[in-house]
Amino acid sequence: MLKILVAGGAGFIGSHLCKRLIEEGNTVYCVDNLITGDKKNVVGLMDHPKFNYIEHDVTKPLTQIPEVNLIYHLASPASPNKKSVRSYINFPIETLLVNSQGTYNLLNLAKEKNARFLFASTSEVYG
């Protein structure tokens, strides 16, 4: 089985991915800073022995991550509800940084750990 890091793992898609990966028998490291993600999304996984939650902003270096085989980069503020205080519209700088500096940090981690890397993002339209 694999050791997998899911950046943005407490978001809607990330939390479902974490659950599926755990069900398949993998060890999962869920990394999220909770800007638009919510710890409630992964509360059902918190006691699972193969689930590890790390509250961290990926725009900062990831120095305490164990060996991983695969990294999913889903960490980007996105919320379809523009009126919500958790909407990505309220976090323009954080959105830019996670998609630039965060991607850079996660790619460096993938290189360091010799891990495969998948980046996914949403397209948002405002207006």
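1. In which helix do K19 and E23 lie, and how many residues apart are they? Both belong to helix 1 (residues 12-23), where they are 4 residues apart, about one turn of the helix. In this predicted model, their side chains meet in a salt bridge, with a distance of 3.8 Å from N to O. The two partners fall into separate accessibility classes, since K19 counts as partly exposed at 45% relative accessibility, while E23, with a relative accessible area of 55%, is exposed.

2. On the overall architecture, the chain contains 2 helices and 5 strands, and its elements, read from the N terminus, follow the order β-α-β-β-β-α-β. Of the 127 residues, 42% count as buried. When contacts are restricted to residues at least 6 apart in sequence, 66% of them join residues at least 24 apart. The accessible surface of the chain comes to about 7,500 Å², and carbon and sulfur atoms account for 55% of that area.

3. The salt bridges deserve a fuller listing, as the count for the model comes to 5. Besides the pair described in the opening point, the side chains of R20 and E24 meet in a salt bridge at 3.0 Å, N to O. Here R20 counts as partly exposed at 49% relative accessibility, and E24 counts as partly exposed at 40%.

4. A further salt bridge joins the side chains of E112 and K113, at 3.5 Å from N to O. Its two ends contrast in their surroundings: K113 is buried, with a relative accessible area of 12%, whereas E112 is exposed, with a relative accessible area of 57%. Through salt bridges that share partners, E67, E112 and K113 are joined into one network.

5. Turning to the interior, one may recall that nonpolar side chains in soluble globular proteins tend to be buried together. The largest nonpolar core of this model has 15 residues, and those touching the most other members are L5, V58, L62, I65, V68, I71 and L106. Strand 1 (3-7), strand 2 (27-32) and helix 2 are the elements that give two or more residues to this core, and helix 2 gives the most, with 4 residues. Apart from this core lies another, of 13 residues, which includes V6, C18, Y53 and Y72.

6. V68, one of the residues in the largest core that touch the most other members, can be followed through its contacts. Not counting residues up to four places away in sequence, V68 touches K3, L5, Y29, K113 and A115. Two of these names recur from the points above: L5 is another of the residues listed for the largest core, and K113 is the buried residue whose side chain forms a salt bridge with that of E112.

7. T59 is placed in the loop between strand 3 (51-55) and strand 4 (70-73). What is its status, buried or exposed? T59 counts as buried because its relative accessibility is 14%, which is under the 20% limit for that class. The side chain of T59 makes a polar contact with the side chain of D57, at 2.8 Å. Leaving out residues up to four places away in sequence, T59 touches L97, V98, Q101, G102 and N105.

8. L97, one of the residues that T59 touches, also has a part in a surface feature, for I93, L96 and L97 form a nonpolar patch on the surface with about 300 Å² of accessible area together. L96, which is placed in helix 2 (residues 92-113), counts as exposed because its relative accessibility is 59%, over the 50% that this class requires. A reader of the model may therefore wish to look at helix 2 from two sides of the account, as it gives 4 residues to the largest core and also holds L96, a residue that counts as exposed at 59% relative accessibility.

9. The last point concerns the segment after strand 5 (116-119), where S121 lies. At 42% relative accessibility, S121 counts as partly exposed. Which residues does S121 contact, leaving aside its neighbours within four places in sequence? S121 is in contact with S76 and N99. S121 and S76 are 45 residues apart in sequence, and their C-alpha atoms are 6.8 Å apart in space.

Technical notes
Residues are numbered from 1 along each chain as its sequence is written. This is a predicted model: local features need pLDDT of at least 70, side-chain atom pairs count only at pLDDT 80 or more; totals for chains, interfaces and linings use all residues. Side-chain values use heavy atoms; hydrogens and water are left out. Buried means under 20% relative accessible area, exposed over 50%, partly exposed in between (1.4 Å probe, protein chains only). Contact means heavy atoms within 4.5 Å. Accessible areas come from the Shrake-Rupley method with a 1.4 Å probe; for residues, only the protein chains shown count as cover. A polar contact is a pair of N or O atoms within 3.5 Å; within protein, one must be able to donate a hydrogen and the other to accept it, and residues adjacent in sequence count only if both atoms are side-chain atoms. A salt bridge is a side-chain nitrogen of Lys or Arg within 4 Å of a carboxyl oxygen of Asp or Glu. Patches are made of residues with over 30% relative accessible area and no salt bridge: like charges are joined within 9 Å, nonpolar side chains (Val, Leu, Ile, Met, Phe, Trp, Tyr) within 5 Å. A nonpolar core is a set of buried Ala, Val, Leu, Ile, Met, Phe, Trp, Tyr and Cys residues joined through side-chain atoms within 4.5 Å.
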